[in-house]
Amino acid sequence: MAKLYFKYGAMGSSKSAQALITKFNYEEMGMKVWLLKPSTDTRDGVDLIKSRIGLCQQAVVVTPDCDIVQMYKNGVVCDVIIADECQFFTAEQIDGLRQLVDEYDLPVMCFGLRTDFQTHLFPGSLRLFEIADSITEIKNICSCGSKAIVNCRISADGKVVTEGEQVMLGGNDSYIPMCHRCWKERIAKEKAEQAQVSVF
């Protein structure tokens with residue numbers, strides 16, 4: 001019986017690497033994989049999934065207006081579907097992946113972030129939490145050693161960003177995985193430092 005899987009983690013938790021390793025494992029067993037990525041993610045090229053450890057694969061690009069079920073019906077032959085950066089899929093597209101599990105008995109494995117830099121759920125992630133059969137956290141650590149759950153956005157001058165658009169692509173230069181305590185403490189420290197500068 002096929003299932004819809006959601007494997008999530010903070011930035012830098014090897015989500016893309018695990019997606020590509022999973023693809024390799026299926027293909028080594030002679031199975032066909034339909035590898036998907038949202039068009040929103042253009043960091044490493046429009047149709048490339050690339051991990052920080054150097055793994056790289058071409059993927060089928062899904063734009064926000066794409067009907068994933070119809071894409072499949074248009075002649076895709078596969079045994080499993082793997083989707084990276086699934087937080088950027090629309091809720092309707094996640095429902096489409098659910099439909100492929102239910103009606104075509106296709107296992108679907110989604111890898112992505114849970115929340116944005118303000119700790120709010122992405123639309124795709126929210127829908128996966130609502131309808132996935134299996135939800136697994138891929139753990140990462142903060143510099144203090146605690147579990148990282150926050151994707152802390154950093155400005156060019158090294159300050160924590162707390163306002164702005166939900167989507168801003170970036171890697172280690174723009175985001176730091178942090179535990180919630182360190183994130184809150186750093187925000188408070190930077191605000192206090194700014195207030196002190198303003199006084200003078």
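**Cysteines, salt bridges and backbone of a predicted model**

Modeller: The sulfur of Cys142 lies 3.7 Å from the closest cysteine sulfur, in Cys182, which is too far for a bond. The model under discussion is a predicted one.

Colleague: How many disulfides does a search of the whole structure find?

Modeller: A disulfide is a covalent bond between the sulfur atoms of two cysteines. The cut-off for such a pair is 2.5 Å, and the sulfur of Cys142 is 3.7 Å from that of Cys182, too far for a bond. For the whole structure, the number of disulfides found by the search is zero.

Colleague: Which residue holds the cysteine sulfur nearest to that of Cys110?

Modeller: Cys110 takes part in no disulfide. Its relative accessible area is 0%, so Cys110 is buried. At a distance of 4.7 Å, the nearest cysteine sulfur belongs to Cys86.

Colleague: Is Cys142 buried or exposed?

Modeller: The limit for a buried residue is a relative accessible area under 20%. Cys142 has a relative accessibility of 2%, and therefore it counts as buried.

Colleague: Which residue forms a salt bridge with Glu27?

Modeller: Side chains of opposite charge can pair when their charged atoms come close. Glu27 is partly exposed, at 36% relative accessible area, whereas its partner is buried, at 8%. The two residues are four apart in helix 1 and so are separated by about one helical turn. With the closest N and O atoms 2.7 Å apart, the partner of Glu27 is Lys23.

Colleague: What is the N to O distance in the salt bridge of Asp102 and Arg98?

Modeller: Both Asp102 and Arg98 belong to helix 3, where four residues, about one turn of the helix, lie between their positions. Asp102 counts as exposed because its relative accessibility is 52%, while Arg98 is buried at 15%. Their side chains meet at an N to O distance of 2.8 Å.

Colleague: Which residues are joined into one network with Arg127 by salt bridges that share partners?

Modeller: The side chain of Arg127 meets that of Glu130 in a salt bridge, at 2.8 Å from N to O. These two residues of helix 4 (residues 123-131) are three apart, which means that about one helical turn separates them. Arg127 itself is partly exposed, with a relative accessible area of 23%. Through salt bridges with shared partners, Arg127 is joined into one network with Asp95 and Glu130.

Colleague: How many salt bridges does the count come to?

Modeller: Among them are the pairs Glu27 with Lys23, Asp102 with Arg98 and Arg127 with Glu130. The count comes to seven.

Colleague: What is the phi of Ser14?

Modeller: Most residues other than glycine have a negative phi. Ser14 lies in the loop between strand 1 (4-8) and helix 1, and it is partly exposed at 29% relative accessible area. Although Ser14 is not a glycine, its phi is positive, at about 75°.

Colleague: Where is Glu85 found, and what is its phi?

Modeller: Glu85 is found in the loop between strand 6 (80-83) and helix 3 (91-104). With a relative accessible area of 8%, Glu85 is buried. Its phi is positive in spite of its being a residue other than glycine, with a value near 50°.

Colleague: Which residues does Ser16 touch, not counting residues up to four places away in sequence?

Modeller: Ser16 has its place in helix 1 (residues 15-28). Its relative accessibility is 11%, so Ser16 counts as buried. Leaving aside residues up to four places away in sequence, Ser16 touches Ile49, Lys50, Ser51, Asp84 and Glu85.

Technical notes: Residues are numbered from 1 along each chain as its sequence is written. This is a predicted model: local features need pLDDT of at least 70, side-chain atom pairs count only at pLDDT 80 or more; totals for chains, interfaces and linings use all residues. Side-chain values use heavy atoms; hydrogens and water are left out. Buried means under 20% relative accessible area, exposed over 50%, partly exposed in between (1.4 Å probe, protein chains only). Contact means heavy atoms within 4.5 Å. A salt bridge is a side-chain nitrogen of Lys or Arg within 4 Å of a carboxyl oxygen of Asp or Glu.
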